[in-house]
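Me: I've got a model open and I'd like a close look at one part of it, namely how the two domains sit together and what is packed around them. Could you walk me through that in one go?

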Amino acid sequence: MDDFRAGFVALLGPPNAGKSSLLNTVLGQRLAIVSAKPQTTRSRILGILPREGAQILFLDTPGRHASPKKLNIALNAVVEEVARGCEVALLLVDRAGGWTQVHQELAEGLAAMARPTIIVGTKSDLRRARAHAWPIDEAPGDWPAFSVSAKTEEGIEPLLQAIVEALPPSPPLYAEDELTDRPMRWLCAEMIREALFDLLDQELPYSMAVEVLRYDESKSKAIRIEANLLVERDSQKRIVVGKGGSMIKKIGIRARRSIEEWVGRQVHLQLFVKIDPSWLRNDRRIAELGYH
Ligand SMILES: Nc1nc2c(ncn2[C@@H]2O[C@H](COP(=O)(O)OP(=O)(O)OP(=O)(O)O)[C@@H](O)[C@H]2O)c(=O)[nH]1
Ligand SMILES: [Mg+2]
C-alpha cells in the first residue's frame, strides 16, 4: 500500500469543452450529462476511477462563463472551489475551437496557485481539430499536453498514466466500489435535465430546473419517481407541456429510458411542470436544487 496514489483531479474549461464527455469515457459509464448546448453541467460531480495502485477522483465542473446572472456566479464559484481543492488540474481545450480568454484566465489562476496542470486537447477525432496546430501555441509551455478523443478513446490511456504520476502518495480516499458521492435522486434529476436539453429548443433548458419530489424503491416491481420541472413563466410552461401534453410525454419517455438503463429496473416516472419565477434569482433555491 506504501506507493499507492490518490487525489482529486479537476476537469476545467469553458462551456462545451468536452469535460463531462471525458469524465464518462474514463469511467466507462455515463455519470455526467452531455449535450451539444454549452453550459449543461451545473454542479461539481465526483467520478471515482480505480486504477492499479491508484484512485483518481475526477471532479467535473460547470463551464466557466462570464455572466452577471446569479446562477452563473454560483457556477463560477464551483469552478473556483474545485480548482483550489484539487491535487491536479486538467485544463480542457476543444481542439476545434482553440485557446480562449477563459483558458487564459483559468491558466493564470492555476499558475498563481502553483497547481500541477495538464493541458488536454479534446475532440481530436474531429476533422476541424486536425486543422489547428498542436500543441497549442498560446498554452503555457511548461505544462504537459495530451490530445484525446472521448469518442474514439484515442489518447486516453497515456493521459491517465500521466495523471497517476502527478498524484501524491495517499491511501484510497473512497471505498473501492464507489462511483460517485451523488445520491440516486440527484442522478435522476440530471437525467431528466438531459432530456430537456435534448428535446427543448434554444434557451428554454437554461431557465429550467428539476426537483425530484419522490424516489421510492420500496415497491417490488417499479421504482416510483416524481419530479417537478421548474419554469419561470406560464408561456414556458405551455411549451414544456406541449400540444395536448405531447412534449411532456416525450420528455418523460426519454428520461425514463435513461434512468431505467442506469438502475437496471423498471421505472414509473411522473413529471409535473411548475412555475417558480424566482428560482434563478435566489441563491438558497439554486443551492437547494443541487447546483453546487
Ligand atoms: N466528436 C466529438 N465530440 C465530442 C467529444 N467530446 C465531447 N464532444 C461533444 O461536445 C459537446 C459538449 O460536450 P460536453 O461533454 O457536454 O461538454 P462540457 O465541457 O461538459 O460542457 P458544459 O457542461 O456545458 O460546460 C457534446 O455535443 C459532445 O457530444 C469528442 O471527443 N469527440
Ligand atoms: Mg458538462
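**The two domains and their surroundings**

Reply: The centres of domain 1 and domain 2, taken over C-alpha atoms, are 27 Å apart. Keep in mind that this is a predicted model. In the domain assignment, domain 1 covers 5-166 and domain 2 covers 184-288. Where they touch, domain 1 puts in eight residues and domain 2 puts in twelve. Sort the domain 1 side of that contact by class and you get three nonpolar, three polar and two charged residues.

Now for the packing. The largest nonpolar core holds 71 residues, and Val-9, Ala-10, Leu-12 and Leu-91 are the ones with the most contacts inside it. Helix α6, residues 184-199, is the top contributor to this core, with seven residues. The core also takes at least three residues from each of the two domains, domain 1 (5-166) and domain 2 (184-288). As background, nonpolar side chains in soluble globular proteins tend to be buried together.

Leu-91 is a handy place to zoom in. Setting aside neighbours within four places in sequence, Leu-91 is in contact with Leu-12, Gly-13, His-103, Leu-106, Ala-107, Leu-110, Thr-117, Ile-119 and Val-120. One of these partners, Leu-12, is also on the list of residues with the most contacts inside the core.

For contrast, try Asp-142, in the loop between α4 (127-130) and β6 (145-147). Asp-142 counts as exposed because it has just 7 C-beta neighbours inside 10 Å, and the cut-off for exposed is 12 or fewer. Its C-alpha atom is 9.5 Å from that of Ile-118, and the two residues are 24 apart along the chain.

Then there's the ligand. Ligand 1 is surrounded by 24 residues, the closest being Gly-18, Ser-20, Ser-21, Thr-41 and Gly-63. Helix α1, residues 19-27, supplies the largest share of that shell, three residues. By class, the shell splits into twelve polar, eight nonpolar and four charged residues.

Last stop, a pair of strands. β7 (residues 209-216) and β8 (residues 223-231) run antiparallel and are joined by seven bridges. A hairpin of six residues links β7 to β8. If you want a spot to click on, Glu-211 stands opposite Asn-228 in β8.

Notes: Residues numbered from 1 in each chain as written. Chains lettered and ligands numbered in written order. Predicted model: local features only at pLDDT ≥ 70, side-chain atom pairs only at ≥ 80, totals over all residues. Domains from an automatic or database assignment. Contact = placed C-beta atoms within 7 Å. Nonpolar A, V, L, I, M, F, W, Y, C, P; charged D, E, K, R; others polar. Near = placed C-beta within 6 Å. Helix = DSSP H or I, 4+ residues; strand = E, 2+ residues; numbered from the N terminus. Pairing = 2+ DSSP bridges. Core = buried A, V, L, I, M, F, W, Y, C linked by C-beta atoms within 7 Å. Buried ≥ 20, exposed ≤ 12 C-beta atoms within 10 Å, placed from the backbone.
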